[in-house]
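Subject: Structure for you to look at

Hello,

I am passing on the structure we talked about, with some notes on what turned up in it. Please open it alongside this message and read at your own pace.

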Amino acid sequence: QVHLVESGGGSVQPGGSLRLSCAVSGIVFSDNVMGWYRQAPGKQRELVAAITNDGSTNYIDSVKGRFTISRDSAKNMGYLQLNSLKPEDTAVYYCNVGPLTVVVDGLFEAWGQGTQVTVSS
């Protein structure tokens, strides 16, 4: 049973930074890909960043150069560093872990509670 707990969200001004954390249990974290997703009100949840088993990373174009995904497999923890935040980054952010194809499609049976990121003046 995969269990995911996101934390670290908050309210910041444009240009600010946040560091999101994802505590993972119930899965062999080191054998799987981790993705970070976000969902704004009225919008579909979207994958924003992923990190593979061997540490390679991918980002959607809108966050490249601003967000950094990382993982500490020894601690079963994942992170998303959010820099240069923009109002359009406002969303609930979620993590999830699984095979690459599942991470890309986002077709997970269960999600954590997410953590709210709000960027406004």
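Below are my notes, going from the whole chain to single residues.

**The chain as a whole**

Please keep in mind that this is a predicted model. The protein chain contains 10 strands and one helix. Reading from the N terminus, the order of elements is β-β-β-β-β-β-β-β-β-α-β, with the helix placed between the ninth and the tenth strand.

The radius of gyration of the protein chain is 13 Å, which agrees with the value near 14 Å for a compact globule of 121 residues. Along the principal axes, the C-alpha trace spans about 40 × 25 × 25 Å. Of the 121 residues, 41% are buried. Among contacts with a separation of 6 or more, 58% are between residues 24 or more positions apart.

As for the surface, the protein chain exposes about 6200 Å², and 49% of that comes from carbon and sulfur atoms. There are 9 positive and 10 negative side chains, and the centres of these two sets lie 7 Å apart.

**Salt bridges**

How many salt bridges does the structure hold? There are four, and Arg38 is a good place to begin.

Arg38 forms a salt bridge with Asp89, with 2.9 Å between the closest N and O atoms. Arg38 sits in strand S4 (residues 33-39) and Asp89 in the loop between strand S8 (77-82) and strand S9 (91-98), so this pair ties together parts that are 51 residues apart in sequence. Both Arg38 and Asp89 are buried. Arg38 has a relative accessibility of 7% and therefore counts as buried, the cut-off being under 20%. Asp89 counts as buried at 1%.

Arg38 also pairs with Glu46, where the closest N and O atoms are again 2.9 Å apart. Glu46 is partly exposed, with a relative accessible area of 33%.

Another salt bridge joins Asp61 and Lys64, at 3.0 Å between the closest N and O atoms. Is Asp61 buried or exposed? At 62% relative accessibility, Asp61 counts as exposed, while Lys64 is partly exposed with a relative accessible area of 48%. Salt bridges with shared partners also link Arg38, Glu46, Arg66 and Asp89 into one network.

**More on Asp89**

Leaving aside neighbours within four places in sequence, which residues does Asp89 contact? They are Arg38, Arg66, Phe67, Ser84, Val117 and Val119. Two members of the salt-bridge network, Arg38 and Arg66, are thus in this list. For a sense of distance, Asp89 and Gly35 are 54 residues apart in sequence, and their C-alpha atoms are 16 Å apart in space.

**Two positive phi angles**

Next come two backbone details. Most residues other than glycine have a negative phi. Ser84, one of the contacts of Asp89, has a positive phi of about 50° although it is not a glycine. Ser84 is placed in the loop between S8 and S9, and it is partly exposed, with a relative accessible area of 40%.

Asn76 also has a positive phi, near 55°, and is not a glycine. Asn76 is in the loop between strand S7 (67-72) and S8. With 27% relative accessibility, Asn76 counts as partly exposed.

**Two strand residues**

Ser21 belongs to strand S3 (residues 18-25). At 15% relative accessibility, Ser21 counts as buried. Not counting residues up to four places away in sequence, Ser21 touches Val5, Glu6, Ser7, Trp36, Met77, Gly78 and Tyr79.

Thr57 lies in strand S6 (residues 57-59) and, at 33% relative accessibility, counts as partly exposed. Beyond residues up to four places away in sequence, Thr57 touches Ala50, Ile51 and Ile69. Thr57 and Leu100 are 43 residues apart along the chain, with 12 Å between their C-alpha atoms.

If you open just one site, I would suggest the network of Arg38, Glu46, Arg66 and Asp89.

Best wishes

Conventions:
Residues numbered from 1 in each chain as written. Predicted model: local features only at pLDDT ≥ 70, side-chain atom pairs only at ≥ 80, totals over all residues. Heavy atoms only, no water. Helix = DSSP H or I, 4+ residues; strand = E, 2+ residues; numbered from the N terminus. Rg over C-alpha atoms; globule rule 2.2 N^0.38 Å. Buried < 20%, exposed > 50% of the residue type's maximum accessible area, 1.4 Å probe, protein only. Contact = heavy atoms within 4.5 Å. Areas by Shrake-Rupley, 256 points an atom, 1.4 Å probe, with all protein chains shown as cover. Lys, Arg positive; Asp, Glu negative; His and termini not counted. Charge placed at Lys NZ, Arg CZ, Asp CG, Glu CD. Salt bridge = Lys/Arg side-chain N within 4 Å of Asp/Glu carboxyl O.
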